[in-house]
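Please open the model in your viewer, with a cartoon display and the option to show side chains, and follow the stops below in order.

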Amino acid sequence: MIGFVGLSHLGIVSSVAAASRGFDVLAYDHNEATVGTLREGNLPFVEPGLRELLERNRERLRFTSRLDEIRQCALIFFSSDTPTNVDNESDLRHLNRSIEEAIPHVSEHCILVILSQVSPGFTRGVRERLQSQQPDRKSKVYCQVETLVIGDAVRRATHPERFIVGAADPCEGLGEVYRRFLESFPCPVLRMRYESAELTKIAINAFLVSSVSTTNMLAELSAEIDADWTEVAPALRLDRRIGPYAYLSPGLGIAGGNLERDLMAIRSMARRNGTDARLVDQWIELSRYHCDWVIRTIHLNVLPERSNPVIAIWGLPYKPNTDSTRNSPTLALLSTLRGFEVKLYDPVAVLPPAYASMATQCGSALETCDQADVLVIMTPWAEFGNADLKRVEEAMRGRIIIDPFGIFGGKNERGFGFSYFKLGAPPYPKSR
Amino acid sequence: MIRHHHTTREQPDRVVLLGAKGFIGRSLAEYFATAGTKMLAISSAEIDLLLDSAAGKLQRLFQPSDVLIFCSALTPDKGKDIRTFMKNLTMGEHVCAALSKSACSQVIYVSSDAVYGDDEALIRETTPCQPSSFHGLMHLARERMLQVTADAVRVPLMCVRPTAVYGVQDTHNSYGPNRFVRAACRGDQIGLFGAGEEQRDHLCIDDLVGLIGFCAMSRSSGTINAATGRSISFDELAKIVVSKAQRGAVAHSVRNGPITHRHFDVSALFKAFPEFRVTPLETGISNMLEKLMVSSGNPAIRAT
């Protein structure tokens with residue numbers, strides 16, 4: 001039996017993925033409501049494919065809010081998502097408490113794996129505490145790097161690119177149960193010391209931020225010099241040193257919380273150790289700048305034509321296929337549109353209570369367009385790209401579309417009269 | 001980071017304006033007069049901020065509910081040397097001395113984008129200040145002097161850093177819209193340094209005083225750059241002026257200095273003051289031409 005302690009996004013996806021490989025899984029969370037929801041086959045968040053995977057593997061999955069049940073597990077993952085504060089710094093108190101509460105219920109030989117997002121040094125600290133408190137305990141402690149991508153979490157959990165495992169001594173063999181679990185997935189297993197594994201997680205995100213930042217910087221330049229980034233990006237993808245999966249689509253900065261957390265971790269470690277990480281500050285500043293692209297576009301291109309426009313917004317989460325609004329550019333935009341009439345639609349996400357008064361949430365995309373002067377597409381949901389521009393044009397009073405992600409592609413140029421703004425290309429028509 | 005100490009707009013009880021006869025000061029005085037705000041407009045004729053007696057006079061004038069707007073300075077056309085720099089600091093010192101003894105409800109300091117280095121490509125409020133002139137250094141020093149004083153007496157301080165400001169009442173005839181529009185009105189050539197490649201952001205005086213008005217009514221504190229977010233080359237600017245005035249011509253010359261550009265990220269301005277509206281440069285130039293035409297009584301000049 002494999003146990004998962006902590007059932008937020010990471011824990012639920014990971015436990016269901018483990019069950020899908022044929023393992024019997026016990027998934028624990030102290031929150032009875034969460035456990036109840038999962039027992040009924042429902043999910044507390046939106047994640048494509050997860051409900052179906054859960055349904056298919058229910059007989060191997062047991063959800064519980066009784067911590068003593070984890071005694072039957074030979075392998076336990078601590079799998080709660082690490083929360084962050086308003087400054088995007090990790091708060092590991094919850095994970096520490098969770099480990100301390102679980103240990104008395106864990107069998108003597110049980111293998112413990114920290115799957116949660118932790119800072120370098122955390123896992124070694126857990127091992128040392130355990131050894132000093134219970135010197136006779138045989139449990140081995142590992143950390144395993146999670147690379148969950150919200151909206152694509154099921155595919156990545158069931159078909160991981162690789163496993164990154166941190167151990168006290170990477171030359172020592174993995175515990176038998178853990179080895180069998182890892183080998184059930186057809187991917188390489190990279191073993192390394194704790195600190196290396198913990199840094200690997202942060203390094204992956206730093207490289208992603210680097211790509212995002214470089215893309216956004218060049219896309220902005222592209223728009224200024226009358227180039228079109230959508231023409232540039234394919235050439236980069238064919239370069240082996242950059243690659244087909246590189247983050248080459250311009251966006252509104254980094255969001256979601258995980259990348260930001262790891263940037264804070266780098267900054268904090270660099271300060272503590274006296275290394276130069278000013279590049280991180282530049283990334284953060286650049287991200288804020290790109291997040292503000294929409295508000296600048298509204299002020300510089302909409303307000304001179306209509307001083308008090310009705311603004312329609314499509315999309316609320318920071319990316320499609322999720323209802324997560326953590327660090328969402330839409331929320332950031334709403335807080336800068338005080339005094340404007342704003343109508344918003346999203347297929348799944350709901351405005352958090354603190355933002356509810358800042359926009360009217362409509363029941364359909366077209367409803368937001370009624371008498372709107374400008375349409376802003378903040379989340380590139382696929383359904384938005386399929387919208388009937390003719391009906392949008394009929395519903396709107398104004399003729400301006402701000403489409404940072406370019407989901408309408410060349411549609412507008414083919415017979416619609418919108419002034420059109422997207423990232424990485426000059427405004428259309430060019431005369432603006 | 002801008003903080004608004006009033007959640008809703010409130011007319012200040014009274015505005016005390018230092019530097020009321022300068023370009024920006026005159027326009028501010030008109031703005032607050034039009035808004036019906038009680039105002040005490042002070043120029044160097046009333047209180048010479050260079051004199052030691054200035055601090056005591058100001059101290060006796062300040063009321064706890066006053067909004068103090070400090071836009072008095074010896075501008076670079078009056079001197080770019082150490083002596084002028086020291087005089088400007090002395091003026092700041094006297095204002096701070098008065099404030100420390102008789103605090104008001106808010107201080108708005110009209111600073112300058114000269115606090116930033118000349119070679120900064122894109123400027124935002126977090127851009128490190130590296131003034132290359134005594135003028136810029138003076139503004140930065142005054143900002144710090146006022147901040148220390150304001151913190152000590154717990155008064156919100158708003159530092160507004162305008163970029164090049166244009167308007168009919170400009171007294172400096174600075175290179176840019178002010179000089180170009182006047183030259184065009186006279187039918188003279190607009191002389192550009194080199195081919196006029198340098199890009200600059202030009203702010204209409206009406207926008208600046210409107211922004212300062214918002215700061216006063218919201219009792220804001222922090223630092224904000226006052227710019228439009230759109231920069232154009234002096235060559236493009238000169239051509240707009242000639243086109244709008246339908247007279248004058250553009251003349252290029254041999255360049256002596258290096259080419260520098262200045263662009264602003266005005267996101268913070270738009271976010272802190274959603275109601276702030278930028279006057280498009282073409283509109284601002286046309287308005288300036290119209291006003292000059294009226295004031296000169298020359299019907300031959302007509303802005304298109």
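Begin by selecting residues 25-28 of chain A, which make up strand β2, and then the neighbouring β3(A), to which β2 is joined by four bridges, with the two strands running parallel. This is a predicted model, and everything on the tour should be read with that in mind. Within this pair, show A:Y28 and look across to β3(A), where A:T64 stands opposite.

Now widen the selection to the sheet that holds these strands. Eight strands of chain A form an open sheet in the order β3-β2-β1-β4-β5-β6-β7-β8, and the pairing is mixed. At the edges lie β3 (61-64) and β8 (189-193) of chain A, each of which pairs on one side only. If you look along the sheet, the twist from one strand to the next averages 25°. Next add residues 122-133 of chain A, which form helix α5: this helix packs on the sheet and touches β5 (111-114), β6 (141-144) and β8 of chain A, while its direction makes about 165° with that of β6(A).

The next stop is another sheet in chain A. Select β11, β10, β9, β12, β13 and β14 of chain A, and you will have six strands that form an open sheet in that order, with parallel pairing. Here the edge strands, each pairing on one side only, are β11 (360-361) and β14 (419-421) of chain A. Strand β10, residues 341-345 of chain A, is joined to β11(A) by two bridges, and these two strands run parallel. Showing A:L344 in this region brings you to A:Q361, the residue in β11(A) that A:L344 stands opposite. Residues 293-302 of chain A, helix α12, pack on this sheet and touch β9 (310-314), β12 (374-377), β13 (400-402) and β14 of chain A, with a helix direction that makes about 160° with that of β13(A).

Keep helix α12 of chain A in view and bring in chain B. Which residues of chain A supply the most of the area it buries against chain B, taken three at a time? The contact itself involves 14 residues of chain A and 16 residues of chain B, and the area buried between the two chains is about 1,400 Å², of which carbon and sulfur atoms give 54%. Of the area that chain A buries here, A:E285, A:H299 and A:L300 supply 37%, more than any other three residues.

Stay on A:E285 and add B:R124, since these two form a salt bridge whose closest N and O atoms are 3.0 Å apart. The count between chain A and chain B is three salt bridges, and seven residue pairs across the interface are in polar contact. On the chain A side, α11 (278-291) and α12 each supply at least two residues, and α12(A) gives the largest share, five residues. If you colour that side by residue class, you will find six nonpolar, four polar and four charged residues.

Two backbone details complete the tour. Most residues other than glycine have a negative phi, and most peptide bonds are trans. Select A:Y428 and A:P429, which are joined by a cis peptide bond with omega of about -5°; A:P429 lies in the segment after β14 of chain A. Then go to B:N173, in the loop between β8 (165-166) and α5 (177-186) of chain B, where phi is near 50°, a positive value in a residue other than glycine.

How values were computed:
Residues numbered from 1 in each chain as written. Chains lettered and ligands numbered in written order. Predicted model: local features only at pLDDT ≥ 70, side-chain atom pairs only at ≥ 80, totals over all residues. Heavy atoms only, no water. Pairing = 2+ DSSP bridges. Contact = heavy atoms within 4.5 Å. Axes fitted to C-alpha atoms, helices over the stretch in contact; angles between N-to-C directions. Buried area = accessible area lost by both parts, 1.4 Å probe. Salt bridge = Lys/Arg side-chain N within 4 Å of Asp/Glu carboxyl O. Polar contact = N/O pair within 3.5 Å; in protein donor to acceptor, adjacent residues only side chain to side chain. Nonpolar A, V, L, I, M, F, W, Y, C, P; charged D, E, K, R; others polar.
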